[in-house]
Amino acid sequence: MASPATDPDEIAAIYDELIDTYEAEWEKQGHRSLHLEYYDDDHEEPGSAAINTMRQLAERAAISSSDRVLNIGCGVGEDSVWNARAYGATVIGINISERQLALARENAAGHEVDDRTDFRYDDFHKLETVDDDSVDVVWGLEAVSHAHDREMVLEQCKRVLVPGGRLVLSDLFFHETGQMAAHQADIDRINDGLGLELGAIDSFRETLEAVGFTDIEITDETEPIRPSLDRRHKFARVAHPVGRVLSFANVFSDTQLGVFKGNSLIRNLVEEGVLGYYFVLATLQTDE
Ligand SMILES: C[S@@+](CC[C@H](N)C(=O)[O-])C[C@H]1O[C@@H](n2cnc3c(N)ncnc32)[C@H](O)[C@@H]1O
């Protein structure tokens, strides 16, 4: 059962309000991503670093033109469009927000990959619109941290993947389950503000193994993501108090203030060394 923080309608409502704050930035940076930026020597600006996150993950996963990719939690289409444009993959993107799906279709048409992308309303705990054994890759860029039941999501990924299919995810995770109890108050505020259900990477690995994924490769990518968290934190440090003081003027909604606060707390937990950013690659065991 979804808690209020991970109820699909609540999550959709959070993103629908956030999009209002993102649109100006998207215009400036020339992309529509909802994920953290991956900085390195060649990608030092937020726009190119956001595109770099998709590139880094796609290259590790060796996405190619023969891949049928299912993007769980596809945002407004940016990472689906990327995989279709850069690698020629065919992509189904699913999401629980009609507003995001409409923007995703517009995004794909604008980049002339609407013939290779298909955006559907679906919940990644159910995948009701996706057939058994029908995709080569399940891709989730910062999506599973919204899942109230990771095992249910992974069971669905297993159902729709062909034997030997690949799972490709990136997300925030605690480094160890044992570190979480001491931070429960912050975790609750982050989860409430951002519609998340933060978990730890060790228990996620156990769930992957229990569901039947093999060749599990987990890499800690916190360092290249850190400047992105700092950027959100700097914005939140100004926007959160200003928004609260000027609440009578509705500069920011309570939902937006909850997101800003959540982003600051995430950055603090990363600075404390308990929360990190991970890439997760795995293969679905073939039946032999
Ligand atoms: C951080 S955003 C990432 C979006 C996109 N992958 C990107 O990189 O721009 C997380 C996305 O997951 C979606 N999402 C959350 N819960 C979901 C669910 N139960 N089923 C499908 N999508 C979901 C949200 O609506 C949002 O689009």
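## A right-handed unit in the sheet

A crossover counts as right-handed if, with the strands pointing away from the viewer, the path from the first strand over the helix to the second runs clockwise. In this predicted model, β4, helix α5 (residues 150–160) and β5 form a β-α-β unit of that hand. The two strands of the unit run parallel, with 6 bridges joining β4 to β5. One place to look for this pairing is Val135, whose bridge partner in β5 is Leu161.

On its other pairing, β4 meets strand β1 (residues 68–72), again in the parallel sense, over 3 bridges. Here Leu70 has Val138 of β4 as its bridge partner. How much of β4 is buried? Of the 7 residues in this strand (residues 135–141), 6 are buried, so β4 is largely enclosed by the rest of the structure.

## The sheet as a whole

Let's step back to the full sheet. It is open and has 7 strands, in the order β3-β2-β1-β4-β5-β7-β6, with mixed pairing. The edges belong to β3 (117–121) and β6 (213–220); each has a single partner strand, so one side of each is left without a neighbour in the sheet. From one strand to the next, the twist averages 15°.

At the β6 edge, the partner is strand β7 (residues 275–284), and the two run antiparallel with 6 bridges between them. Asp220 is a handy marker here, since its bridge partner in β7 is Tyr278.

## Helices on the sheet

Helix α4 (residues 98–110) packs on the sheet, where it touches β2 (90–95) and β3. The direction of α4 makes about 175° with that of β3. Helix α7 (residues 201–211) lies across β5 (161–174), β6 and β7, and its run is at about 165° to β6.

## Helix α3 and its surroundings

Which helix does α3 pack against, and at what angle? Helix α3 (residues 78–87) packs with α4 at an angle of about 25°, and the two axes are 9 Å apart. Angles under 35 degrees count as roughly parallel, and that makes α3 roughly parallel to α4. The crossing of α3 past α4 is right-handed. If you would like to see the contact itself, look at Glu78, Ser80 and Val81 in α3, which meet Ala104, Asn107 and Ala108 in α4.

Burial is extensive in α3: 7 of its 10 residues are buried, so the helix is largely enclosed by the rest of the structure. The buried residues are Glu78, Asp79, Ser80, Val81, Trp82, Asn83 and Ala84. Their cover includes α2 (46–60), β1, β2, α4, β3 and β4. After α3 comes Gly88, with a positive phi near 75°.

## Ile96 between β2 and α4

Ile96 is worth a visit in the loop between β2 and α4. Is Ile96 buried or exposed? It has 20 C-beta neighbours inside 10 Å, and because 20 or more is the mark of a buried residue, Ile96 counts as buried. Leaving aside residues up to four places away in sequence, Ile96 touches Pro8, Ile11, Ala12, Tyr121 and Asp123. Cys74 is 22 residues from Ile96 in sequence, and their C-alpha atoms are 9.3 Å apart in space.

## Two positive phi values outside glycine

Leu127 and Asp215 make a nice pair to look at side by side. Leu127, in the loop between β3 and β4, has a positive phi near 50° although the residue is not glycine. With 25 other C-beta atoms within 10 Å, Leu127 is buried.

Asp215 is found in the edge strand β6, and its phi is positive too, near 45°, again in a residue other than glycine. Asp215 has 11 other C-beta atoms within 10 Å and is exposed.

## Asp254 in helix α9

A last stop is Asp254, which belongs to helix α9 (residues 254–271). Asp254 has 13 other C-beta atoms within 10 Å, so this residue is partly exposed. Between the C-alpha atoms of Asp254 and Phe124 there are 27 Å, with 130 residues separating the two along the chain.

Note on methods:
Residues are numbered from 1 along each chain as its sequence is written. This is a predicted model: local features need pLDDT of at least 70, side-chain atom pairs count only at pLDDT 80 or more; totals for chains, interfaces and linings use all residues. Two strands pair if DSSP finds at least two bridges between them. Helices (H or I, at least four residues) and strands (E, at least two) are DSSP runs, numbered from the N terminus. Axes are lines fitted to C-alpha atoms, for helices over the stretch in contact, and angles run from 0 to 180 degrees between N-to-C directions. Two residues are in contact if their C-beta atoms, placed from the backbone, lie within 7 Å. A residue is buried if 20 or more other C-beta atoms lie within 10 Å of its own, exposed if 12 or fewer, and partly exposed in between; C-beta atoms are placed from the backbone. Angles under 35 degrees count as roughly parallel, over 145 as roughly antiparallel, 65 to 115 as roughly perpendicular and the rest as oblique. A crossing is left-handed if the near helix is turned anticlockwise from the far one by less than a right angle, and right-handed if clockwise.
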